[in-house]
Each structure stands twice: as C-alpha cells, then as structure tokens.
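Visitor: I should like a close look at one part of this protein. Please take the loop that catches your attention and set it in its surroundings.

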Amino acid sequence: YDYVNKSYQEERMPIILGGDHSIAMGSISASLTHYENVGVIWIDAHADFNDDTITPSGNIHGMPLSAVCGCGPESLVDFSQIRANPKNAVIVGARALDPLEKIKLKEKGVTVFSISDVHSLGIKEVIHKAIKIATDKTKGIHLSFDMDALDPTQAPGVGTPVYNGLTQREAFIICEEMHQSNKLIAIDVVETNPLLDKRNMTGILASELILACLGNTEYR
C-alpha cells in the first residue's frame, strides 16, 4: 500500500510483482486512495472472493478481491477507507470457484467470465466487455493478473495450478487490449514461483506480459 502510494505521488505507473494474490489488497487499495473510483480486472483461475465466514480453506489469498470490494473481511484492508464497486470488478478465466463464493459473486454484482465464456465468445470479445464494465464511471483500471489463469502446461511455476486455462496467445491479447484501452493505471502480476517453474518459463512469460501491457508488441 505504501509503495504503490509512493509510485503515484512520483507520477509513476505501479507494477507490483508478488507471490500470492493477497498483495492486491494493498496495491488496489492504494489505487483507490489515489483515484477514488477504480475498476478492477482480475485475471485468475480463482475468484478470490471468499471471506472469513465462507472460506473452505482459510487462506487469505482466497479473499483479496472480496476485501477490496468491501465484502469482507474489513480487517484485511483497514489501512484504506475507500472500496471498489463490485459492479466495476470483472474476473476473467475463472474455473475453480467455491460453491458459496459463486452465490456471493452473483449477489454482489461481480461480472465473471469463466474459461467456458472465453471459449465460446473468444478472448477479444471477453476483454472488450471487461474493459467496458471496469471503466463505467471509473478513472481507470487496476489489472490484477494471476499467472495460474494460464494453463499449467504453459505457465507451470504457480502454486495453485488448474488445468483448462488460458493460452499464452489469449494472455497476450488481454495485455495488448489493456494497453490499447489507455485506461490502465496499475498492474499486479502474482503467483510466479521460481521453485516450481521449469526453465524459468513462467517468469519469462510474466515479464513479457507486463511489457505487452506497456505496448511492447506494437509496431507503428
């Protein structure tokens, strides 16, 4: 939270690299503190929308999106008083959701594009819809990208792999479209674990995806 705030004060775009997704509670809260109204695009196999009352595992990294949207636990984000509007939060690539979590997502109005939606609609249409939702009456998009959104055959160095994930091509399209939107204000890239990786495949891919978000794949 403090480092991301410092980046904004220095008029820099924060790029946050982390182990598990719980760091987004600090980074997104800082974006909200600076901009007040921020949309969140959450690229992940998981929704991370549990709280202390419904979590099956008790893992904090299963709660960060819920916390920053003001849906609990409040103790995890008590360093900031501003919360994201769940209706401006979009999850892309989900395929491992808990039963009570699904109910909560629907009740709070979070948009979820499952991997089945990606297959049927195509990733470009999905990310265009996601950008439209996340930018509705907001000042920009905080992109929070969990590498386990990709299929583990293409990004093996993650702690909670789930098969039937995004392809590298789909991940690059997401990042290229985020750059084209001109609405990107911050980027989290999480769950890249060198101890689980194969020949640094996931680490290199994560680096290239960040560069794509910054326009590295353009030719003008």
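**A loop and its surroundings**

Guide: In this predicted model, glutamate 191 is placed in the loop between S6 and H8. Its phi is positive, about 60 degrees, although glutamate 191 is not a glycine. Most residues other than glycine have a negative phi. Glutamate 191 has a relative accessible area of 11% and therefore counts as buried, the cut-off being under 20%.

Asparagine 200 lies in the loop between S6 and H8 as well. This residue, not a glycine either, has a positive phi of about 60 degrees. Its relative accessible area is 42%, so asparagine 200 is partly exposed.

One of the partners of glutamate 191 leads into the interior. Leaving aside neighbours within four places in sequence, methionine 147 is in contact with Glu191, and also with Val189, Val190 and Thr192. Further contacts of methionine 147 include Ala155, Val158, Thr202, Leu205, Ala206 and Leu209.

Methionine 147 belongs to the largest nonpolar core, which has 37 residues; together with Ile41 and Val92, Met147 is among those with the most contacts inside this core. Strand S6 (184-190) and helix H8 (201-213) each give two or more residues to the core, as do strands S2 (39-43), S3 (89-94) and S5 (141-146) and helices H5 (115-121), H6 (123-134) and H7 (168-181). In soluble globular proteins, nonpolar side chains tend to be buried together. Apart from this core lies another, of 29 residues, among them Ile16, Ala47, Ala67 and Cys71.

Two of the helices that contribute to the largest core, H6 and H7, are also linked by charge. Lysine 124 forms a salt bridge with glutamate 177, with the closest N and O atoms 3.7 Å apart. This pair links distant parts of the chain, as lysine 124 is in helix H6 and glutamate 177 in helix H7, 53 residues apart. Lysine 124 is partly exposed at 44% relative accessible area, whereas glutamate 177, at 15%, counts as buried.

Helix H6 also holds a salt bridge between glutamate 125 and lysine 129, whose closest N and O atoms are 3.8 Å apart. These two residues lie four residues apart, about one turn of the helix. Glutamate 125 is partly exposed at 37% relative accessibility, and lysine 129 is partly exposed at 36%.

Conventions. Residues are numbered from 1 along each chain as its sequence is written. This is a predicted model: local features need pLDDT of at least 70, side-chain atom pairs count only at pLDDT 80 or more; totals for chains, interfaces and linings use all residues. Side-chain values use heavy atoms; hydrogens and water are left out. A nonpolar core is a set of buried Ala, Val, Leu, Ile, Met, Phe, Trp, Tyr and Cys residues joined through side-chain atoms within 4.5 Å. Buried means under 20% relative accessible area, exposed over 50%, partly exposed in between (1.4 Å probe, protein chains only). Contact means heavy atoms within 4.5 Å. A salt bridge is a side-chain nitrogen of Lys or Arg within 4 Å of a carboxyl oxygen of Asp or Glu.
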